[in-house]
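This report describes selected features of a predicted model. Please consult the sequence and the coordinates alongside the text.

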Amino acid sequence: MVKINKDICMLCGGCASVCPFNCITVTEREVIIENCRECGTCEKFCPVGAIE
Amino acid sequence: MKKDLIVIGAGPAGSMAAINSKCDTVLIDQRAEIGVPKQCAEGVSESLFKKIGIKPKKEWISKKIKYTSLISPSGIEIKLDDKRVKKAKFGFVLNRKNFDKGLAEIAANNGTELMPKTRFIKAERTENGVKIYAKRFNETIEIEGRILIACDGVQSKVAKSFGLNTTLPLRYIESCYQYEMTNIEIEPAVELYFGRVYAPGGYVWIFPKGENSANVGIGIVPSLTEKRAKDYLDDFLKRERLKGGKIVEINAGAVPISTPLEKTYADNLMICGDAARMVNPLTGGGIHTACISGSIAGKIATKAIEKEDYSEKFLSEYQKLWKNEFGKELEYYGKAQEVLIKLTDAELDKIAESLQEIKLESISTMEILKAIVKMNPKLLWKLKSLIT
Ligand SMILES: Cc1cc2nc3c(=O)[nH]c(=O)nc-3n(C[C@H](O)[C@H](O)[C@H](O)COP(=O)(O)OP(=O)(O)OC[C@H]3O[C@@H](n4cnc5c(N)ncnc54)[C@H](O)[C@@H]3O)c2cc1C
Ligand code: SF4
Ligand code: SF4
């Protein structure tokens, strides 16, 4: 499962809109990932490189 | 709780939907403070307020814009000021925090029940309507309604919970990053820097906000590069133009550049604004389309509730109306974006050279594109889809 570096994440919500499996929810204070299939799409999107 | 209409997301789309509804409406947003954080460069054209029929408050507007400057990869600047453009129009850089909150306030004053810090979790259909579950502080609340309007922005979770696929491929999203900066010299102009050196698949913008401050930001298409939006913008900041600049705020976000969802309605459901991917794919501007689609959805919802008809057939009127307003335009800009993304930096420089003497009737993106096509016959094969 991909990991979010909370110190870097801006909570912009973009990763949730590109995940092909609808695994990501970005709330006003955290990124929740469920059932990740490790496709790497969200990581490629992130404007600040918060996803590892 | 029981309501006629449930609107999710109090961005421009959701607040305009609530303002235009004349029924028992609830508007929820996951944010504790509507409009915060800002995820926007805040540029709009002057026509916005007339179009939505709302008089702007002073605090919604940061700066009046007199012209646009386009800058090519090698640094050729095309100033589209009143010397070049006959019927020059102006624009505004908004204060989105005040604008978004202001629209939500109007909705609340018109009778909408406004619920901040209330996050949509999921929806299900009931016999003749919908029921949503939402998290408000540590409590899960249920709201029953007849119609749901999804205005939850780029994440578009509401539509997904109805089984609609709103996933954006990496080629059709802009990965965005922005600094609000002060202590820089500005003109009353928006500056757009095009080319892969600055921003693959997008552009860098400088939108003035005050006497000496501006939103300096970038959008890139992530499928075109390994680097981050932040890396490109940090490089851009090294230039002379911004050397003394101080960062006062940092923003990030995503812009859909895919052209709208094919179907923006279903039984009991309408989808507006970014959630329906209604953004100008060339400029990334989505405030106008969010406001207009929201307004239309609010009106259609009111009619449906009066007639007690929440069927997909009745709500299809929504799609017909927004398509009339801006459907063709977004399609055209989608094509233009497909072309722009394929142009090399050398071609962009050539285009900039050809535009140095340009004289235009008005400053619509369409006019500029047509001028480009006219003056660059050698590029015609790449540009031909834009000649309508
Ligand atoms: C960096 C950047 C720069 C931009 N610059 C410009 C520009 O200069 N001009 C322009 O016209 N457009 C610009 N845009 C686009 C513009 O910001 C959007 O098109 C516009 O905000 C869309 O409005 P909306 O109401 O559809 O969505 P949003 O404004 O995104 O509002 C969605 C709302 O829904 C809420 N929400 C989301 N999920 C939930 C949930 N589960 N439960 C409850 N609430 C939820 C959010 O908190 C938010 O308040 C820019 C975008 C970005 C990212
Ligand atoms: S895309 Fe990156 S910055 Fe944005 S919410 Fe996801 S992890 Fe955070
Ligand atoms: S790696 Fe793929 S499946 Fe996992 S959260 Fe990211 S986009 Fe979704």
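The sections below treat the nonpolar cores, the ligand surroundings, several individual residues and the backbone geometry.

**Nonpolar cores**

The largest nonpolar core of this predicted model comprises 69 residues, and B:Ile132, B:Ile147, B:Leu148, B:Ile149 and B:Met270 have the most contacts inside it. Helix α6 of chain B, residues 287-307, gives the most to this core, namely ten residues. Because domain 1 (5-49 + 95-167 + 260-337) and domain 2 (58-94 + 170-256) of chain B both give residues to this core, it lies between them. A second, separate core has 44 residues, including A:Val26, A:Cys42, A:Ala50 and B:Ile184.

Beyond its neighbours within four places in sequence, B:Ile149 is in contact with B:Leu5, B:Ile6, B:Val7, B:Ile8 and B:Ala17, and also with B:Met270, B:Cys272, B:Ala297, B:Gly298 and B:Ala301.

**Ligand surroundings**

Around ligand 1 there are 33 residues, of which B:Ala13, B:Asp29, B:Gly43, B:Phe120 and B:Asp274 come nearest. Three contacts to oxygen atoms of this ligand are listed in the table.

| Residue | Atom of the residue | Distance to an oxygen atom of ligand 1 |
|---|---|---|
| B:Pro12 | backbone N or O | 3.2 Å |
| B:Ala13 | backbone N or O | 2.9 Å |
| B:Arg31 | polar side-chain atom | 3.4 Å |

Ligand 3 is surrounded by 14 residues, and those that come nearest are A:Cys19, A:Cys36, A:Cys39, A:Gly40 and A:Cys42. The shell around ligand 3 consists of ten nonpolar, two polar and two charged residues. A:Cys42 thus appears among the residues nearest ligand 3 and also in the second core.

**Buried positions in chain B**

B:Thr118 belongs to strand β10 of chain B, which spans residues 118-126. With a relative accessibility of 0%, B:Thr118 counts as buried. Its side chain reaches the backbone oxygen of B:Pro116 at 2.9 Å. When neighbours within four places in sequence are set aside, B:Thr118 is in contact with B:Ile28, B:Asp29, B:Gln30, B:Ala134, B:Lys135, B:Arg136 and B:Ile141. Of these partners, B:Asp29 is also one of the residues that come nearest to ligand 1.

Helix α8 of chain B, residues 345-355, is mostly covered, with eight of its eleven residues buried. The buried residues of this helix are B:Asp345, B:Glu347, B:Leu348, B:Asp349, B:Ile351, B:Ala352, B:Ser354 and B:Leu355.

**The loop between β2 and β3 of chain B**

B:Cys40 sits in the loop between β2 (25-28) and β3 (43-45) of chain B. This residue has 17% relative accessibility and therefore counts as buried. The C-alpha atoms of B:Cys40 and B:Arg96 are separated by 7.5 Å, although the two residues are 56 residues apart along the chain. Not counting residues up to four places away in sequence, B:Cys40 touches B:Arg96, B:Gln178, B:Asn215 and B:Ile287.

B:Pro37 is placed in this loop as well, and a cis peptide bond with omega of about 0 degrees joins B:Val36 and B:Pro37. B:Glu42, likewise found in the loop between β2 and β3, has a positive phi near 75 degrees despite being a residue other than glycine. At 1% relative accessibility, B:Glu42 counts as buried. Most residues other than glycine have a negative phi, and most peptide bonds are trans.

**A positive phi in chain A**

A:Asn22, which is not a glycine, has a positive phi of about 50 degrees. A:Asn22 lies in the loop between α1 (14-18) and β1 (24-26) of chain A. Its relative accessibility is 35%, so A:Asn22 counts as partly exposed.

Terms used
Residues are numbered from 1 along each chain as its sequence is written. Chains are lettered from A and ligands numbered from 1 in the order in which they are written. This is a predicted model: local features need pLDDT of at least 70, side-chain atom pairs count only at pLDDT 80 or more; totals for chains, interfaces and linings use all residues. Side-chain values use heavy atoms; hydrogens and water are left out. A residue is near a molecule or strand if one of its heavy atoms lies within 4 Å of it. Ala, Val, Leu, Ile, Met, Phe, Trp, Tyr, Cys and Pro count as nonpolar, Asp, Glu, Lys and Arg as charged, and the others, Gly among them, as polar. A nonpolar core is a set of buried Ala, Val, Leu, Ile, Met, Phe, Trp, Tyr and Cys residues joined through side-chain atoms within 4.5 Å. Buried means under 20% relative accessible area, exposed over 50%, partly exposed in between (1.4 Å probe, protein chains only). Helices (H or I, at least four residues) and strands (E, at least two) are DSSP runs, numbered from the N terminus. Domain bounds come from an automatic or database domain assignment. Contact means heavy atoms within 4.5 Å. A polar contact is a pair of N or O atoms within 3.5 Å; within protein, one must be able to donate a hydrogen and the other to accept it, and residues adjacent in sequence count only if both atoms are side-chain atoms.
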